[in-house]
2 protein chains.
Amino acid sequence: MDAISVIRAKRDRAELTDAQIDWVIDAYTRGEVADEQMSALAMAILLNGMNLREISRWTDAMIRSGVRMDFSSLPLPTSDKHSTGGVGDKITLPLAPLVAACGAAVPQLSGRGLGHTGGTLDKLESIPGWRALLSNDEMMQVLRDAGAVICAAGDGLAPADKKLYALRDVTGTVEAIPLIASSIMSKKIAEGTGALVLDVKVGSGAFMKNLADAQELARTMVGLGKNAGVNTVALLTDMGTPLGLTAGNALEVRESVEVLAGGGPADVVELTIALAREMLAAAGVTGKDPETALRDGSAMDHWRRMIAAQGGDPDAALPVAREQQVLTAPASGVLTGLDAYAVGVAAWRLGAGRARKEDPVQAGAGVEIHAKPGAHVTAGQPLLTLHTDTPERFDYALEALAAPDAITIADGADFKPTPLILDRVS
Amino acid sequence: MDAISVIRAKRDRAELTDAQIDWVIDAYTRGEVADEQMSALAMAILLNGMNLREISRWTDAMIRSGVRMDFSSLPLPTSDKHSTGGVGDKITLPLAPLVAACGAAVPQLSGRGLGHTGGTLDKLESIPGWRALLSNDEMMQVLRDAGAVICAAGDGLAPADKKLYALRDVTGTVEAIPLIASSIMSKKIAEGTGALVLDVKVGSGAFMKNLADAQELARTMVGLGKNAGVNTVALLTDMGTPLGLTAGNALEVRESVEVLAGGGPADVVELTIALAREMLAAAGVTGKDPETALRDGSAMDHWRRMIAAQGGDPDAALPVAREQQVLTAPASGVLTGLDAYAVGVAAWRLGAGRARKEDPVQAGAGVEIHAKPGAHVTAGQPLLTLHTDTPERFDYALEALAAPDAITIADGADFKPTPLILDRVS
């Protein structure tokens, strides 16, 4: 077996054999297949595709490149959620303790933000004392104590994916559905969850800009999950506008706690409950209803236990940015659009996100939203409040919000709200 | 400008701009664009193509990565030939002195063999004392003295091509017509010839296996030559069976000298004369006819001067391999096929070629051909004589000749010879 014959096969639109896939992933992990060979193969896969059998085998080979976790000793069934990433997407924070309160264990290995989309670990790290890095034993203990754990993935999980992801990032080969799907699913399957709900985001603030691409990605990932024995379903949800009323780290924690307290923005509550129902159903857990668990304080109770078990103080005051600036409505009318990408880039530029993996983030930075699409606004009323510790960034953030479609106000006669949940794939 | 945006543009089927092409070639030569980025771009080019404007600019950028030679101080017009490579293709050897004898100067920068196709420099190095490496001044002196020079290209000529060619070799991106065409033409244009005749080989022993691909490559290269002010024409010629009666190094020199002495195999003579006429016409030289120059000894005279000027002894005995083995006809009938690829691989395995760039070649190794397609043969009569210094290689060479279509003998009722010259592109 050699790299050139595998590259040529995919280049010439052949179906890769199991042996070719197993060999190329293993040899790449070991360094026998060079980066320049893997990037040529990744481009051939991006342009010529892979079928579900090939993607399944590819995913499986990446899982076998590292360790696989096992939660079979837990007394509860496990269920997890993965979002493909969006702006203001804090859903994991209220969702994990909510599902735990309803009777399924949630073992979530999560990531950090890169670019304009936020990262769950960055958000939680704004809670004083909270630690993302846990040993396997600590993770199991948090899961037993709180029913849910959100922590960083160890280095041993799918190392082939880690290496390939970094390569794709610099070679223009990120946007390949077979590679996106296998990257996500290799980590989630190796994580050892029994059930999985995918939140595939669609729209300007998401990775997938149109519904057809998102549907293909969702179908591929659901197929991969089922092939690996993980009960998997996907919701396709709108990411044309930010979720909720905040995009940032501490700002989103605050909003998540509001949801756990039975309040919070309607869209965040709607999506949290919908995903919780899917996670419970996929894990075969019936009994407590998520709406009840939000109302009766049991979800909040699991949140407090989860945060405390990872060193965080659930009662501590959250960081606040040193400077604020308000952006007002330039005209009166109906706010017909508030673009997720523009808000995401603004939050990122204010310091909520990072440009490179090793950059720090500002806990207090971000964007607060005072009006959502469909709202009637009056010229001069506050639309957004920008937060940052570094006020020299305001202009750069405002530039993103000055893009043609960032904020649109019209007479609103023909305004139709986009439904939050666009499709379901199972 | 950055590598990812250039890769993405070609990946998404956009036309690359002049600025993108200039930047990426320059940055790759300097090492700012990494190998894994260039290989992803090469795969995108292979699968999505480039138009003639893009290929012209790409070629020009590769030329500008190094030095460009200049023969304008010569009293004669210059004309060169390039073959895309075949089996038994010794045509350059008699052709260069023949064209010189007819009044055009031939400044040929040539290469070594790799794989089953032979290299002109390897062949000439079987002449005792002959040197391939010349300084620019020495090259000019040989050209003035003998009218023709065949030597190795210096490192300064199109260094971007050298780096890219080595990368393509290990990343499955060799077979891209835009990259093949620009690789060949960047070197030939930088070499500074005024006219160029391309011999694009078609068939099993060639790089291009079918006429349509060869025509596309020929049209692309002729277009590139014209754009760069080099009067360029291409002949498409058959490489389904070896040229002449020998494939090897010293074996092919011997056959070339026979042609220069007015004899030699009919196909070698036909192609040599056809290419000589094209080279002279492209350079605007009229007067002496190539057939006359072969008959009257003037071509041979230029050969002797050219070899001697590069340290070779034109009267020295050529090396002979230590061992021979004869392959006989397995049946009586008409030899309907003698496959160029099979013969090329056999010669290569006997020691005439190299597997890696740094390997040495055997001067005496190769295959002598006793019957060509169309000949009537009798079971048991000699078909081929295999030559090598390392007789343990005979079996491995015979294996190549035992392939199903390597040697075919039939009743021959429906045998039709393939014409040597298949097409002309100008």
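Q: Where in chain A does A:Ser56 lie?

A: In this predicted model, A:Ser56 lies in α4 of chain A, a helix that covers residues 52-64.

Q: Is A:Ser56 buried or exposed?

A: A residue is called buried when its relative accessible area is under 20%. A:Ser56 has a relative accessibility of 15%, and it therefore counts as buried.

Q: Which residues does A:Ser56 touch, once its neighbours within four places in sequence are left aside?

A: With those neighbours left aside, A:Ser56 is in contact with A:Leu224 and A:Asn227. With A:Asn227 there is also a polar contact between the two side chains, at 2.6 Å. One can also compare separation in sequence with separation in space: A:Ser56 and A:Asp18 are 38 residues apart in sequence, while their C-alpha atoms are 9.7 Å apart.

Q: Which residues of chain A are linked with A:Asp18 in a network of salt bridges?

A: The network links A:Asp18 with A:Glu15, A:Asp22, A:Arg53, A:Arg57, A:Asp60 and A:Arg64.

Q: How should I read a helix such as α11 of chain A, and how many of its residues are buried?

A: A general idea helps here: an α-helix has 3.6 residues a turn, so residues three or four places apart point the same way. In α11 of chain A, residues 250-260, 8 of the 11 residues are buried, so this helix is largely enclosed by the rest of the structure. Among the buried residues are A:Leu251, A:Val253, A:Val259 and A:Leu260, and the list also includes A:Glu252 and A:Glu255. The helix is followed by A:Gly262, whose phi is positive, near 95°.

Q: Which residues other than glycine have a positive phi?

A: Two cases in chain B can be given, and one of them is B:Arg13, with a phi near 65°. B:Arg13 lies in the loop between α1 and α2 of chain B, and at 61% relative accessibility it counts as exposed. The other case is B:Ala158, with a phi near 45°, which is found in the loop between β3 and α8 of chain B. B:Ala158 is buried, with a relative accessible area of 1%.

Q: What surrounds A:Thr385 in strand β11 of chain A?

A: A:Thr385 lies in strand β11, residues 382-388 of chain A, and at 9% relative accessibility it counts as buried. Leaving aside neighbours within four places in sequence, its contacts include A:Gln324, A:Val326, A:Gly366 and A:His370. The side chains of A:Thr385 and A:His370 are also joined by a polar contact of 2.6 Å.

Q: How many salt bridges are found over all chains, and which parts does one of them link?

A: The search of the whole structure finds 60 salt bridges over all chains. One of them is formed by B:Asp89 and B:Lys201, whose closest N and O atoms are 3.9 Å apart. This pair links distant parts of the chain, 112 residues apart, with B:Asp89 in the loop between β1 and α5 and B:Lys201 in strand β4 of chain B. B:Asp89 is buried at 8% relative accessible area, and B:Lys201 is buried at 0%.

Q: What does the salt bridge between B:Arg254 and B:Glu368 tie together?

A: Their side chains meet at 3.4 Å, N to O. B:Arg254 lies in helix α11 and B:Glu368 in strand β9 of chain B, so the pair ties together parts that are 114 residues apart in sequence. B:Arg254 is partly exposed, with a relative accessible area of 38%, whereas B:Glu368 is buried at 19%.

Q: How is the interface of chain B and chain A described, and what is its buried area?

A: The size of an interface is often given as the accessible area lost when the parts come together. Between chain B and chain A this area is about 1,700 Å², of which carbon and sulfur atoms give 64%. In contact there are 20 residues of chain B with 20 residues of chain A. The rule finds 4 salt bridges across this interface, and one salt bridge that joins A:Arg8 and B:Glu175 has an N to O distance of 3.1 Å. The largest share of the side of chain B that touches chain A, 10 residues, comes from α3 of chain B.

Q: What turn lays chain B on chain A?

A: A turn of 180° with a shift of 0.1 Å along the axis lays chain B on chain A, with an RMSD of 0.0 Å. That is the relation of a two-fold axis.

Definitions and conventions. Residues numbered from 1 in each chain as written. Chains lettered and ligands numbered in written order. Predicted model: local features only at pLDDT ≥ 70, side-chain atom pairs only at ≥ 80, totals over all residues. Heavy atoms only, no water. Least-squares fit on C-alpha atoms with pLDDT ≥ 70 in both. Buried < 20%, exposed > 50% of the residue type's maximum accessible area, 1.4 Å probe, protein only. Helix = DSSP H or I, 4+ residues; strand = E, 2+ residues; numbered from the N terminus. Contact = heavy atoms within 4.5 Å. Buried area = accessible area lost by both parts, 1.4 Å probe. Polar contact = N/O pair within 3.5 Å; in protein donor to acceptor, adjacent residues only side chain to side chain.
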